[in-house]
Amino acid sequence: MDTFADLVFLGGQVVTVDAEFSVASALAVTGGVISAVGGRDDVAPLVGPDTRVVDLRGATLLPGINDSHLHGCAFGMATPPLSLDLGHPAVTSLAEVAEAVREAVGRVPGGQWITGHGWDPGFLDECVTDPSRQPSRRDLDAVSPDHPVVLYSFSGHATWVNSKALELIGIDRHTVAPPGGAIVVDDAGEPTGLLHEGAQALVQNALPPLSRQERTDAIRSTLATLARLGVTSYTEPGLGPGGDGIMRGALGAQTLDVYRQLLADGELTARVGVLVLPTGMASTAEEFARTLTALDDSGASGDADPRRLAIHGVKIFGDGIVPNKTAWMHEPYVGGGCGSLCVGGETDTERIAEIDAMIRHAHAAGHQLGVHVTGDRACDAVADAFAAAVAEHPRPDARHYVIHGDFLTAHSMKVLAAHGFGVNMNPTIKWTVADMEEEFVGAERAAYAWPYRDAIDAGVRVASGSDAPVTYPDWRQGVATMVLRESKAAGRVSGPEQRIGLAEAIRTYTIDAAWQDFADGWKGSLEPGKVADLCVLDGDLLSADPHDIPQMPVVLTVVDGQVVHDALRD
């Protein structure tokens with residue numbers, strides 16, 4: 001035999017995720033490529049003296065997981081030791097948040113900024129008991145009168161600061177929020193310390209930008225976490241000038257340079273696809289077009305190996321999020337208001353024209369588009385804009401997609417499916433917010449949110465992503481949620497009619513996520529000739545109780561034939 005395999009797997013459930021979702025029992029890897037899939041007899045001739053043979057003992061071998069919407073640098077910055085962990089269950093009340101800040105004050109020099117991430121009013125006791133009770137600067141002032149404090153919500157659409165931070169930023173009762181943003185004030189007209197959407201830029205502009213070393217450390221931290229989780233590919237959804245004011249520039253253009261350096265140094269242990277973010281929220285079409293043209297002229301895509309680091313397209317922010325009542329809805333929220341698109345323009349008609357122009361310009365320039373939209377009316381507007389852009393500038397297989405699509409409508413689904421467009425949904429966000437959304441949109445709409453079943457049945461390509469740091473990038477919880485539709489806090493079922501099967505759920509994290517990257521021809525399934533990106537899960541995933549899936553250990557992760565996580569030898 002001229003060529004022996006580097007890796008051979010025997011005695012397991014080899015879930016190929018091919019067109020038939022066939023299951024084999026053995027697989028071989030040679031030179032970073034899958035060389036055989038089948039039974040023991042198919043791989044036995046490939047075993048040589050240096051071949052590592054893994055007896056799976058009934059464990060499950062899957063394609064490497066592709067988290068199709070994950071902010072890699074931001075996630076690293078949002079997790080310890082680079083930031084306070086304020087998510088559930090690390091903290092369960094406003095008092096515990098204050099205590100975490102008090103402890104941090106004791107560890108850092110006077111005047112230094114204290115940052116934290118992950119707070120969620122749906123999991124803070126005082127806010128749950130009284131929904132009108134929201135985080136306030138006064139919760140933080142007593143424990144940190146002299147250190148400025150900036151705490152980012154789990155969603156990334158709200159920031160909570162103390163009085164010292166407001167003072168340094170220069171925000172008072174007379175400050176006017178940027179377009180598309182809100183400075184929350186109390187009954188006396190004084191800022192409470194909560195900033196929503198575009199108003200968060202006021203904080204970001206006052207903070208020192210991340211250093212190159214901080215960005216590098218953050219991405220390294222993320223890569224280590226993802227390797228332990230079996231994630232071999234992810235989409236970094238928005239790096240560019242529009243991200244310079246988000247999380248101290250974690251989404252800025254400099255972060256892309258750090259990714260290039262990590263790849264050059266052999267440290268990029270996951271495949272990374274990038275959407276460029278030319279402008280942030282409340283952008284005008286003119287600003288967007290000017291910035292995108294400048295980026296195209298600069299050759300921003302670079303010359304990296306496109307299978308390891310690639311720019312796939314362009315991101316646009318269309319609207320906000322439901323918990324802030326900034327998602328654009330057809331019907332009013334509980335308590336009134338329908339939200340709006342967050343692009344430039346004074347009226348809905350003007351804003352629709354603006355986002356139409358942005359989409360048309362990016363499409364005509366040859367880019368794939370990923371557009372953040374969560375509200376049902378926003379979804380319809382963007383789907384129609386995609387279709388109009390393609391009609392004006394026909395281009396086969398553009399693969400534009402809606403990001404989030406929480407309240408994707410039947411109309412949106414029909415348009416997306418007809419043109420071969422997709423949607424990127426977030427099951428771990430569904431799991432996290434299912435219990436709290438009813439207070440904003442009522443029981444019926446809350447149950448419908450993230451309509452996986454309807455979208456797949458309509459023929460829309462559906463990929464899944466964590467939106468980390470919004471949620472922890474654990475695809476196992478995502479799969480369980482798609483199958484069960486149970487909530488994190490109460491464990492109750494939210495929208496059982498939108499459940500999908502296990503095979504369908506796995507596809508959203510593998511082959512259909514690869515499709516989003518224009519990469520389904522060479523990754524996303526376990527078939528001969530495809531790259532050897534693999535994830536081994538201890539136990540039989542196909543027969544497991546879905547409730548047990550989140551606890552099934554990932555014991556081996558392979559990227560391009562190289563082992564990047566190995567609990568089998570630990």
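Which strands each supply at least two residues of the lining of the second largest cavity? In this predicted model, the strands that do so are β8 (65-67) and β15 (231-239). The second largest cavity has a volume of about 90 Å³, and among the 14 residues that line it, those closest to its centre are Gly 64, Thr 232, Lys 523, Gly 524 and Asp 533. When the residues of this lining are sorted by character, 7 are polar, 4 are nonpolar and 3 are charged. In total, 5 cavities of 30 Å³ or more were counted. The largest cavity has a volume of about 160 Å³ and is lined by 17 residues, with Ser 155, Ile 321, Asp 406, Ile 429 and Trp 450 lying nearest its centre. Its lining divides into 8 nonpolar, 6 polar and 3 charged residues.

The nonpolar residues of the interior were examined next. In soluble globular proteins, nonpolar side chains tend to be buried together. The largest nonpolar core of the model holds 115 residues, and the members that touch the most others are Tyr 234, Ile 359, Val 371, Phe 386, Val 402, Leu 408 and Trp 475. Helix α12 (residues 376-392) contributes the largest share of this core, namely 10 residues. For Phe 386, when residues up to four places away in sequence are not counted, the residues touched are Ile 359, Leu 369, Val 371, His 400, Tyr 401, Val 402, Leu 416 and Phe 421. Apart from the largest core lies another core, of 21 residues, which includes Ala 98, Val 101, Leu 140 and Ala 158.

Several strands towards the start of the chain are paired with one another. Strands of a sheet pair through backbone hydrogen bonds, either parallel or antiparallel, and both senses occur for strand β1 (residues 7-10), which runs parallel to strand β6 (residues 52-55) over 4 bridges and antiparallel to β4 over 3 bridges. In the parallel pair, Phe 9 stands opposite Val 54 of β6, whereas in the antiparallel pair Leu 7 stands opposite Val 29 of β4. In a regular strand the side chains alternate between the two faces of the sheet. In β1, accordingly, Leu 7 and Phe 9 point one way while Val 8 and Leu 10 point the other way, and all of these residues are buried. Strand β4 (residues 26-30) is also joined by 5 bridges to strand β5 (residues 33-38), in the antiparallel sense, with Thr 30 placed opposite Val 33. The hairpin of β4 and β5 has 2 residues between the strands, and within this hairpin Gly 31 takes a positive phi near 60 degrees.

Gln 13, which belongs to strand β2 (residues 13-15), counts as partly exposed because its relative accessible area is 26%. Apart from neighbours within four places in sequence, Gln 13 is in contact with Val 23, Ala 24, Gly 58, Ala 59, Thr 60, Leu 61, Asp 540 and Leu 542.

A further group of strands forms an open sheet of 6 members, in the order β9-β10-β11-β12-β14-β13, with mixed pairing. Because β9 (84-85) and β13 (181-185) stand at the edges and each has a single partner strand, one side of each is left without a neighbour in the sheet. The partner of β13 is strand β14 (residues 191-197), and the two pair in the antiparallel sense over 4 bridges, with Val 185 opposite Pro 191.

Some features of the backbone were found in loops. A cis peptide bond, with omega of about 5 degrees, joins Pro 80 and Pro 81, and Pro 81 lies in the loop between α2 (72-77) and β9. Another cis peptide bond joins His 88 and Pro 89, with omega of about 10 degrees, and Pro 89 is placed in the loop between β9 and α3 (94-105). Positive phi values in residues other than glycine include those of Arg 57, near 50 degrees, and of Asp 467, near 60 degrees. Arg 57 sits in the loop between β6 and β7 (60-63), while Asp 467 sits in the loop between β21 (461-464) and α17 (475-484). With a relative accessibility of 72%, Arg 57 counts as exposed, whereas Asp 467, at 7%, counts as buried.

How values were computed
Residues numbered from 1 in each chain as written. Predicted model: local features only at pLDDT ≥ 70, side-chain atom pairs only at ≥ 80, totals over all residues. Heavy atoms only, no water. Pairing = 2+ DSSP bridges. 1 Å grid on protein atoms, 1.4 Å probe; cavity = no way out; pocket = protein on both sides within 12 Å on 5 of 7 lines; lining within 4 Å. Points joined across faces, edges and corners; volume = space filled by probe spheres on them. Nonpolar A, V, L, I, M, F, W, Y, C, P; charged D, E, K, R; others polar. Core = buried A, V, L, I, M, F, W, Y, C linked by side-chain atoms within 4.5 Å. Buried < 20%, exposed > 50% of the residue type's maximum accessible area, 1.4 Å probe, protein only. Contact = heavy atoms within 4.5 Å.
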